[in-house]
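The following exercises ask the reader to examine a protein chain and its model step by step. Please attempt each task before reading the solution beneath it.

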Amino acid sequence: MRVLDPKKLNSSAKKHHRKTISRPVILFAVIALVGGAGTYAYVIRKASPGVVGNTPVPALSTPEEDPFDITARPLKHLKGDGFKDLYQSVALPNTQDITDPPVITGNDKVDTRIRVRAEARGYKLSRIPMGAIVKIEGEPRLEDDDLLQPLAAQAWYRMRETARREGYPVSLLSAYRSPKYQQDLFKERLLGRGVTLSQLASGAGDGAIDATLAVTAVPGYSRHHTGYTIDLWCEDGSATFLESKCYDWISNNGYQKGMEFGWIPSYPEGASEQGPEPEPWEYVWVGDSVRQL
């Protein structure tokens, strides 16, 4: 398995993204994020640990249904394709399908070729928020991608608090990403391999497409679009998250610690046709679906 460094993967795209998309200067501002599935308006609200601004979190009637009750039903034991199948079976609240794939390069022939190769690897069209998502506070490494769904935000704060209390200084590198953000990221990495659009259209650039797909989702296909996905980092001096003590903490015993808070590995080792190569730093929130029936 190739060991990648998400800090290096994200850095150039964030520099470019800061030039094209400005951060909100006030809270409770309404911004329009334009993606291939249309124009969506989101309300950005200030979030604090355990409280997600003024955004209501759906009420759950019994302790067994509480996604934050870590004393509830026993956790499932999953690996590889089990995690992939679980994610694909979950109906994420406050999201809608992306039915019209966003533009990738602007060349229809190239874009179709990229999507065909992406789907052959297991990439699937994602979902996007259809209502309010919230701003995450207290994470200095987050820049323009500092939003999460309310339920995911609460789950993150609770997991972070527990991890740090136990001596594992986990932090966030990335959260929600718009299709436009992902378009800039994918195009930059693809064309940065020295290929031209004419080469890509003819098939001469398929190697560059495949190499990019191994580490980067196509716009419209990223799980970060949902607002339920995070990239983690560990403030322990490690060179990569995989080498950190935070990774040991969250992944121990089949990721049981992360699953206590509803988080599973987004692209785990051992899963077939899941899109990119395994990404030990990326996690998706699936709530109490991690628990046995």
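Five exercises follow, each with a worked solution.

The model is a predicted one, in which local features need pLDDT of at least 70 and side-chain atom pairs count only at pLDDT 80 or more, while totals for chains, interfaces and linings use all residues. Residues are numbered from 1 along each chain as its sequence is written, and side-chain values use heavy atoms, with hydrogens and water left out.

**Exercise 1. Confidence and overall make-up**

Task: State the mean pLDDT of the chain, and identify stretches where pLDDT is below 50.

Solution.
Step 1. pLDDT is the predictor's confidence in each residue, from 0 to 100. Its mean over the chain is 82, and 75% of the residues reach 70 or more.
Step 2. Residues 1-6 stay under 50, and the model has 17 contacts (heavy atoms within 4.5 Å) for them beyond four places in sequence. The pLDDT is also below 50 over residues 15-65, a stretch with 101 contacts beyond near neighbours in sequence. Where pLDDT is low, the predicted coordinates should not be read in detail.
Step 3. The chain contains 8 helices and 10 strands; these are DSSP runs numbered from the N terminus, with helices being H or I of at least four residues and strands E of at least two.
Step 4. Of the 293 residues in the chain, 54% are buried. Buried means under 20% relative accessible area, exposed over 50%, and partly exposed in between, with a 1.4 Å probe and protein chains only.
Step 5. Among contacts between residues at least 6 apart in sequence, 75% join residues at least 24 apart.

**Exercise 2. Aromatic pairs**

Task: Describe the geometry of the pair F83 and Y255, then place Y255 in its aromatic cluster.

Solution.
Step 1. Rings of Phe, Tyr and Trp (its six-membered ring) pair if their centres lie within 6.5 Å; planes under 30 degrees apart count as stacked, over 60 as edge-to-face and the rest as tilted. By this rule there are 6 aromatic pairs.
Step 2. F83 and Y255 are edge-to-face, with 5.6 Å from centre to centre and 85° between the planes. Because F83 belongs to helix α2 (residues 81-89) and Y255 to helix α8 (residues 245-259), this pair ties together parts that are 172 residues apart in sequence.
Step 3. F83 is buried at 2% relative accessibility, and Y255 is buried at 13%.
Step 4. Y255 also pairs with Y283 in a tilted arrangement, 6.2 Å centre to centre and 55° between the planes. Y283 lies in strand β10 (residues 279-285), 28 residues from Y255.
Step 5. F83, F241, Y247, Y255 and Y283 together make one aromatic cluster.

**Exercise 3. The faces of helix α3**

Task: Determine which residues of α3 are buried and how they are arranged around its axis.

Solution.
Step 1. Helix α3 covers residues 108-121. Its 14 residues reach 20 Å from the first C-alpha to the last, close to the expected 20 Å, where the expected span is 1.5 Å times one less than the number of residues.
Step 2. V110, D111, I114, R115 and A118 are the buried residues of α3. They fall within an arc of 130° seen down the axis, so they line one face of the helix; the arc is that of the directions from the helix axis to the C-beta atoms.
Step 3. D108, K109, V116 and A120 are exposed on the other side of α3.
Step 4. The cover over the buried residues includes α5 (179-191), α6 (197-202) and α7 (206-213).

**Exercise 4. The covering of helix α4**

Task: Establish how many of the 16 residues of α4 are buried.

Solution.
Step 1. Helix α4 (residues 150-165) reaches 23 Å from its first C-alpha to its last, close to the 22 Å expected.
Step 2. α4 is mostly covered, with 12 of its 16 residues buried; among them are W156, Y157, M159 and R160.
Step 3. Just after α4, G167 takes a positive phi of about 95°.

**Exercise 5. Positive phi outside glycine**

Task: Locate N94 and E273, and give the accessibility of each.

Solution.
Step 1. Most residues other than glycine have a negative phi.
Step 2. N94, which is not a glycine, has a positive phi of about 60°. N94 is in the loop between α2 and β3 (95-97) and is partly exposed at 28% relative accessibility.
Step 3. E273 has a positive phi near 45°. E273 is in the loop between β9 (263-267) and β10, and is exposed at 59% relative accessibility.
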